[in-house]
Amino acid sequence: MATFFGEVVVAPSRAGVDDEESAEEAREETPEDREIRRELEKKREVDILWSFKSGASAESSAEEPLVCSEFIVAIGHNAAAFLSSFILDSVCWEVVGVVKLWNEWCRTSNTTNVLPTDSFCLFYRLISDPTVLLCQCSCYVAEDQQFQWLEKVFGRMQKEGLKVTILSSCPVADYKTQESTLTLPSPFLKALKTKEFKEQVCCPLLEQPNIVRDLPAA
Amino acid sequence: MFAPCERGEGSVSCGFEGFTLLMPAVSVGNVGQLAIDLVISTLNMTKVGYFYTDCLVPMVGNNPYATAEENSMELSINAEVYSLPSKKLVVLQIRSPFIKNKYRPFCQTLLSWVKSSKCARVILLSSSHAYQRDDEQLLGTPLRYLVTPDLEKAVGGLMQELNWKEMEKVAAYPGINNTEKVLHIPGGGITKLLFTESCSKGIQMAVLLKFCSEGDNIPDAFALVNYLNEWLQLIKGEVSAVPYTSSQWKIPSSWRLLFGNGLPPALF
């Protein structure tokens with residue numbers, strides 16, 4: 001494609017599969033390529049380390065499903081900060097799990113003693129009602145890790161009678177509306193719910209053509 | 001990978017035996033996906049399930065084909081399946097790009113699902129970069145088709161009757177050796193992979209594509225869906241020499257604000 005200045009550039013395509021990428025794949029994958037790809041996949045694996053007071057630090061053992069009635073997930077700095085400011089405290093809540101992952105944007109670790117500015121993903125349980133779980137995820141979970149995160153977290157839970165609430169935030173500039181976002185009173189809340197959710201929602205539903213993406217969507 | 005929707009009373013059988021599967025390739029201008037939106041919206045198709053897959057970027061929103069307050073609250077995700085048993089049509093809509101290195105596993109899983117659900121044939125709507133056309137392709141219609149050998153046997157000379165143009169092959173080594181020709185669909189996403197895999201697996205597949213560029217691709221979507229209609233006759237066309245008017249296809253409500261919000265009055 002030629003620009004106004006006469007230079008020829010490769011137009012970015014919404015096809016999602018670059019020609020270079022597909023040409024690369026067409027070449028035979030050498031054992032070295034395979035090894036590199038495997039190492040990279042291993043490095044990008046999402047590990048969840050659970051530690052319940054019952055004694056067993058259930059990293060990969062004890063595949064008993066967690067009985068959970070209420071699961072609140074806060075994704076992103078704003079949502080995580082909301083939970084820290086208004087809900088979490090060291091008296092009523094105990095840490096029961098931590099996610100360890102690495103990607104180009106952030107790295108989390110096993111430590112549960114985190115600062116608000118760190119990237120972390122922690123699970124808490126309400127001491128007075130151990131079926132209430134909370135997750136604070138302030139690290140960025142990359143596209144290829146979102147499904148893994150989802151399967152590893154929800155794979156551990158008993159799904160009957162489970163109510164999941166996901167808290168997240170998006171820039172107002174991304175909100176699509178007939179008027180300009182400049183005059184919109186912000187911040188404001190919008191919700192999405194599954195048809196199984198029968199309770200009253202505390203705010204209006206998200207109108208089309210707005211969508212949610214990344215980990216909250218997964 | 002395919003997860004059927006739970007049906008309440010009067011459960012519709014989720015069998016797709018003998019059905020035509022219509023699906024888009026995520027390609028330049030998203031033309032295939034826009035055309036599929038028009039088909040689903042116009043024919044008022046019912047959602048029968050979705051694909052639970054780790055190959056596509058996750059997204060979720062409310063019903064993109066909502067026509068009123070009552071039906072606007074159904075959640076919609078990145079890969080959903082709709083059906084219209086009266087026309088033996090099943091449609092897959094893909095709403096987000098592929099995650100890096102995942103498009104091959106997706107194609108493999110998709111084609112095995114096509115075989116296991118016994119779909120009669122697959123029609124893939126796609127597009128290709130207009131700027132990569134050669135001199136001959138610059139003239140005449142920008143619409144092209146491809147059929148696998150198995151579908152060629154089944155539909156016979158239909159494409160010739162419709163006066164359709166087959167997608168030309170290009171030289172594998174242009175300038176050096178012009179005799180060896182290969183299929184090249186730049187900007188077509190998974191089109192070429194799905195087509196070549198279908199050829200080798202004996203699946204009846206047709207590819208309908210349009211040459212276009214990124215920009216306002218709504219007219220391209222209309223052109224592609226009208227092209228499809230010449231074959232499948234999904235809606236009645238007007239009998240006239242002029243191509244079908246756009247007004248017969250219903251634009252979904254989610255196409256609002258494709259080019260941004262309203263402007264702040266203070267700008268002027």
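**Aromatic pairs and an open sheet: a walk through two chains**

Phe71(A) is buried, because its relative accessibility is 0% and the cut-off for buried is under 20%. That is my starting point today. One caution before I go on: this is a predicted model.

So where does Phe71(A) sit? It lies in strand S2 of chain A, residues 70-75. Its ring pairs with the ring of Phe154(A). The centres are 5.6 Å apart, and the planes meet at 65°. That makes the pair edge-to-face. Phe154(A) belongs to helix H4 of chain A, residues 143-154. The two residues are 83 apart in sequence, so the pair ties together distant parts. Phe154(A) is buried too, with a relative accessible area of 18%.

Let me stay with chain A for a moment. How many helices and strands does chain A have? Five helices and seven strands. Along the sequence, the pattern reads α-α-β-β-α-β-β-β-α-β-β-α. Chain A has 218 residues, and 33% of them are buried. Now take the contacts in chain A with a separation of 6 or more. Of these, 67% join residues 24 or more positions apart. The exposed surface of chain A is about 13,600 Å², with 56% of it from carbon and sulfur atoms. One more ring in this chain: Trp102(A). The charged end of Lys43(A) sits over that ring, 4.2 Å from its centre.

Now to chain B. Its sheet has eight strands and is open. The order is S1-S3-S6-S7-S2-S8-S12-S9, with mixed pairing. Which strands stand at the edges? Strand S1, residues 2-4, and strand S9, residues 143-147. Each has a single partner strand, so one side of each has no neighbour in the sheet. On average, neighbouring strands here are turned by 25° against each other, direction ignored.

A quick reminder on sheets in general. Strands pair through backbone hydrogen bonds, either parallel or antiparallel. Here is one example from chain B. Strand S3 of chain B, residues 46-51, pairs with strand S6 of chain B, residues 79-84. The sense is antiparallel, over four bridges. In this pairing, Thr46(B) stands opposite Ser83(B).

What lies across the sheet? Helix H1 of chain B, residues 31-42, lies across S2, S6, S7, S8 and S12 of chain B. It runs at about 135° to S7(B). Helix H7 of chain B, residues 218-232, lies across S2, S8, S9 and S12 of chain B. H7(B) runs at about 150° to S12(B).

Helix H6 of chain B covers residues 191-201. Its buried residues are Thr191(B), Leu193(B), Leu194(B), Phe195(B) and Ser198(B). They pack against helix H2 and against strands S2, S8, S9 and S12 of chain B. After H6(B) comes Gly202(B), with a positive phi near 70°.

Back to rings. The whole structure holds 20 aromatic pairs over all chains. One of them is Trp164(B) with Trp231(B). Their centres are 6.3 Å apart and their planes at 80°, so this pair is edge-to-face. Trp164(B) is in the loop between helix H5 and strand S10 of chain B, while Trp231(B) is in helix H7 of chain B. They are 67 residues apart. Buried or exposed? Trp164(B) is buried at 10% relative accessibility. Trp231(B) is also buried, at 10%.

Last stop: an aromatic cluster in chain B. Its members are Phe2(B), Phe16(B), Phe19(B), Phe51(B), Phe98(B), Phe106(B) and Trp113(B).

Key:
Residues numbered from 1 in each chain as written. Chains lettered and ligands numbered in written order. Predicted model: local features only at pLDDT ≥ 70, side-chain atom pairs only at ≥ 80, totals over all residues. Heavy atoms only, no water. Pairing = 2+ DSSP bridges. Axes fitted to C-alpha atoms, helices over the stretch in contact; angles between N-to-C directions. Contact = heavy atoms within 4.5 Å. Phe/Tyr/Trp six-rings, centres within 6.5 Å; stacked < 30°, edge-to-face > 60°. Buried < 20%, exposed > 50% of the residue type's maximum accessible area, 1.4 Å probe, protein only. Lys NZ or Arg CZ within 6 Å of the ring centre and 35° of its normal. Areas by Shrake-Rupley, 256 points an atom, 1.4 Å probe, with all protein chains shown as cover.
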